[in-house]
Amino acid sequence: MAAPGEPGEAAFARRIDPAREPGLSPEQRRLMAQVEHAQRQRALQRRLRSRNVLLALGIGAVTFGIYGYTFYSVSQERFLDDLDQEAEAARARARARA
């Protein structure tokens, strides 16, 4: 691996502590603190947005699953048809006796 001083190698950004860095004015320190705070807030919003999207997809999947299962189970219910068939058979037997 080449050293940062060699041609073709990019130097890595060095993290500094604004409170200990000599030569920074109070205004520059305040501005750096504001920028860092804004970056932390953006990162937090991105993380929360992805969690919210996953939660919404999960809730939607459960909702549509329940909805679909309900329609499927209602379409399988044939007990009213069976009752109608039994009533018709009873009427036919009653007519046959008479």
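Are Tyr67 and Phe71 buried or exposed? Tyr67 is exposed, and Phe71 is exposed as well. Both statements refer to a predicted model, in which the protein has 2 helices and 0 strands. Of the 98 residues in the protein, buried ones make up 2%, and the accessible surface comes to about 9,100 Å², with 60% of that area belonging to carbon and sulfur atoms.

**The aromatic pair**

- Searching the whole structure yields 1 aromatic pair, and this pair is formed by Tyr67 and Phe71 in an edge-to-face arrangement, with 4.9 Å from centre to centre and 65° between the planes.
- The edge-to-face label follows because the planes are 65° apart, and planes over 60 degrees apart are counted in that class.
- Tyr67 and Phe71 are separated by about one helical turn, because they stand 4 residues apart in helix α1, which covers residues 26–76.

**Salt bridges**

- The count of salt bridges comes to 2, one of them joining Glu27 to Arg30 and the other joining Glu88 to Arg91.
- In the bridge between Glu27 and Arg30, the closest N and O atoms are 2.3 Å apart, and the two residues both lie in helix α1, 3 residues apart, or about one turn of the helix.
- Glu27 has a relative accessible area of 47% and is therefore partly exposed, while Arg30, at 39% relative accessibility, also counts as partly exposed.
- In the bridge between Glu88 and Arg91, the side chains meet at 3.3 Å, N to O, and here too the partners are 3 residues apart, about one turn of the helix, but in helix α2.
- Glu88 counts as partly exposed because its relative accessibility is 42%, and Arg91 is partly exposed with a relative accessible area of 46%.

**Surface patches**

- A negative surface patch is formed by four acidic residues, namely Asp81, Asp82, Asp84 and Glu86.
- Asp82, one of the residues in this negative patch, is placed in helix α2, which covers residues 79–97, and because its relative accessibility is 40%, Asp82 counts as partly exposed.
- A nonpolar surface patch of about 320 Å² is made by the side chains of Val53, Leu54 and Leu57.
- Leu54, which belongs to that nonpolar patch, lies in helix α1, and its relative accessibility of 61% is the reason why Leu54 counts as exposed.

**The surroundings of Gln28**

- Gln28 is found in helix α1, the helix that also holds Glu27 and Arg30.
- With a relative accessible area of 39%, Gln28 is partly exposed, because a value that is neither under 20% nor over 50% falls in the class between buried and exposed.
- Gln28 and Pro18 are 10 residues apart in sequence, and their C-alpha atoms are 8.5 Å apart in space.

**The picture by helix**

- Helix α1, which spans residues 26–76 and holds Tyr67 and Phe71, also contains the salt-bridge partners Glu27 and Arg30 and the patch residue Leu54.
- Helix α2, which spans residues 79–97 and includes Asp82, also contains the salt-bridge partners Glu88 and Arg91.

Notes
Residues are numbered from 1 along each chain as its sequence is written. This is a predicted model: local features need pLDDT of at least 70, side-chain atom pairs count only at pLDDT 80 or more; totals for chains, interfaces and linings use all residues. Side-chain values use heavy atoms; hydrogens and water are left out. Patches are made of residues with over 30% relative accessible area and no salt bridge: like charges are joined within 9 Å, nonpolar side chains (Val, Leu, Ile, Met, Phe, Trp, Tyr) within 5 Å. Accessible areas come from the Shrake-Rupley method with a 1.4 Å probe; for residues, only the protein chains shown count as cover. Lys and Arg count as positive and Asp and Glu as negative; His and the chain ends are not counted. The place of a charge is taken as NZ of Lys, CZ of Arg, CG of Asp or CD of Glu. Buried means under 20% relative accessible area, exposed over 50%, partly exposed in between (1.4 Å probe, protein chains only). Rings of Phe, Tyr and Trp (its six-membered ring) pair if their centres lie within 6.5 Å; planes under 30 degrees apart count as stacked, over 60 as edge-to-face and the rest as tilted.
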